[in-house]
Amino acid sequence: MRIDTSAFKAVIKGHKLQGDRVDDGIKGMFDVDVPCQDSDFKFCLIHTVPYFTGAGMMGVHIIHNVLANLNDVCVDYSYLPEPSIRRVLKTNKIPLFGFGTKIPLREFDVLGFSLFHTPNAFNLIHIISFAGIPFLAEQRANDERWPILMSGGVLNTAPEALAPIFDIMFIGEGEEQTPVIVETIRNMKKEGKKKIDILKALCKIPGVYIPAFYENIIDPKTKRFAGMRKLYPEAPDYIEWQKVDISLPKYNYTIVDYQKNIARGRLYLTKDIEVTRGCVHGCRFCSPFTWYKPYRERNFEGVKAAILARKEMGMVRMMGLTPTDYSRYNEARDYAISLGLQYDGYSERIDQFKRTWSDERRKKSVCFALECANAKMRRVVNKHLGDKVWWDAFEQAIAAGISKTKVMCMIGLPNETREDVIDLHNLMDEMWLRSRAIRPLSAIELSVNPFIPKPHTPFQWCEYKESPFMADFVRIYNEKFNDGSYVMFDEKMGRDVVKGWRNVKGSPIGRKLEALIDNSDRRVCVPLIMSAIKFNVFSEQDWGESNVKMWIGIRTYVLQNYGYDINDFLRAKDFNTHLVWEHIHTGTDKEFLWEEWIKSSKAEETASCSQACNSCGIAKNIPDVGKTAVCGQRSTMFSPDNETGILQTKEMAEKEKAGVDTEKAEREAKYKEIIDANKALKLSCEAEKKGKENVTA
């Protein structure tokens, strides 16, 4: 069955959706035709975000390239429908389909879902609903007509809340094992094997987790999660996160083979090129740091080939957890610029901004992940960054004429006090003061996000709770905006403008739901599905009243059916607590994470992996990858003058603060001159305008 997409013409014009925000640079959703007549196996990669958000995402492109190189496998793609597309699907009773083949999702052999962000769980539920497929794996188990549902991505590191939905959950990096999984399913289906037999064969493949072969153990007294029990003896006791050495030339095709696949009508191009995988810096709140250990780099010839493949696109961006750590970053950037490509590098490491800055990016935005407003909290989270390095980078960005400088911080971290939150206010004031003194009309943004403890990090034992200081933080900033503290007069626009601004993201109940999905077991799955559908909750919407109803619905269901309060999932935990993700091994020892948790309570730092091996367990547990990566050896990727990885001691922080206070007094004097001159300019312009009006009258 092939879907007729003519019904969507009323809402699609070119590559724009009427009434929806889109980007003009991407092809229309249904413009590429994926041939499948000669294929005996159909696999659909599904982004759990809308098309115009997900079409350029790098991770799914890499897996698409892996699958597209298999013989006789039709690889299609689908996305969460945009609001206007949803209305057409519902009105015309059209099931969700592959965007290239126009075949309904329920007719594919395998549906592979990309789960890279916790709120995408809500979108996942709606996609399955739009496709007309039963939600739970047990509902599909004895009916061979339904496709196999498979998930990949970082959400699988804490899989239990969504586990009942999937037949297969793949844990880790998929370049090696995805082809093995596909070939196993295809060959066994050809032989007429049933789904249960296929799953039994798949569970022997490294990284494959079959939820049906396990069950949660619940303590009968406390009703708390107490571990996992195997239901199939040959299933592994633990699932190891799969890691790939991307430095090997054999993996170059995963970032290069775009032109070939575009010619075959199989892929939309992305400007992103993965140059690094993993990180050496060890921020304690960051789960990708643990997932993607050890740090690895792509070989330079592969990166150059990937840049060349994007020449016709006109733009390129190097990607990774910390792409500016790439030892040949400047060479790759300069090569892209020499080909006439526009180089886009939005997110920057603060301590490497001096090394990686290029004048060719003068008009671009820049994003700094400062995380904390003061040195004490940066020691808590192990962010190796001194105040001087931070302010030097910020002032350099403002002076360079960058159109907008964004700074990201968190609120609600462990050991946070009211004084630390006051320092967030002071940070915004200082950003405003310094930027006005350099370039009065520069745009700055402070983005503040509520902290959520993540699995497989030192903060996984931390209680989730809303920061008691959030309300005060928002109130004080609103007062400052209302009294004109952040207003400058723009002569060209002829009016006052706010060129420095803040953005507090994430509703408290929305963040609480996100923490619940990360920390809960399978008891939450059914009410999560029911509530997402009933209250029509999607990840891209503003979380508000519907999310409150969703939380109440889930809590009521679990209380009535299991006698357990879901708030207990979010409690503080100790070393002996059974964590719902402990059957997933990332390669980092639990003992190392616990030591880091204790050190965070004392505001003590741990050196970055570029300085020395901290014996986290990676070199021991993942030797095949660790021996070829920056693990247990000194790195040469950092220049000696950028202060990367230098521990910010209390003495250093106090010394820096004394110097900052002296400089601040000088800037305040200059700032007063600028403000007075700006006020005088405003009065002059108003007087001139009034004079012209009088002459006209």
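## A covered strand, an enclosed helix and some unusual backbone spots

Seven bridges link strand E3 to strand E4 (residues 73–80), and the two run parallel. Keep in mind as you look around that this is a predicted model. Strand E3 is a good place to begin, and from there we can visit a helix and a few loops.

**Strand E3 and its partners**

- Strand E3 spans residues 41–50 and is mostly covered, with ten of its ten residues buried.
- On another pairing, E3 is joined to strand E5 (residues 110–114) by five bridges, and these strands also run parallel.
- Cys-44 is a handy residue to find on screen: its bridge partner in E4 is Asp-76, while in E5 it stands opposite Leu-111.

**Helix H4**

- How far does H4 reach from its first C-alpha to its last? The helix covers residues 120–131, twelve in number, and reaches 17 Å, close to the 16 Å expected at 1.5 Å a residue.
- Ten of the twelve residues of H4 are buried, so this helix is largely enclosed by the rest of the structure.
- Among the buried residues of H4 are Phe-122, Leu-124, Ile-125, Ile-127 and Ile-128; Asn-120, Asn-123 and His-126 are on that list too.
- Just after H4 comes Gly-132, which has a positive phi near 75°.

**Positive phi without glycine**

- Asp-72 is not a glycine, yet its phi is positive, at about 60°.
- You can find Asp-72 in the loop between helix H2 (58–68) and E4, the strand that pairs with E3 through seven bridges.
- Asn-382 is not a glycine either, and its phi is positive at about 65°.
- Look for Asn-382 in the loop between helix H14 (375–380) and helix H15 (387–399).
- Which of the terms buried, partly exposed or exposed fits Asp-72? Its relative accessibility is 46%, so Asp-72 counts as partly exposed.
- Asn-382, by contrast, has a relative accessible area of 1% and is therefore buried, since buried means under 20%.

**A cis peptide bond**

- Where does the chain hold a cis peptide bond before a proline? The bond from Lys-293 to Pro-294 is cis, with omega near -5°.
- Pro-294 sits in the loop between helix H10 (287–291) and strand E14 (296–297).

Technical notes:
Residues numbered from 1 in each chain as written. Predicted model: local features only at pLDDT ≥ 70, side-chain atom pairs only at ≥ 80, totals over all residues. Heavy atoms only, no water. Buried < 20%, exposed > 50% of the residue type's maximum accessible area, 1.4 Å probe, protein only. Helix = DSSP H or I, 4+ residues; strand = E, 2+ residues; numbered from the N terminus. Pairing = 2+ DSSP bridges. Expected span 1.5 Å × (residues − 1).
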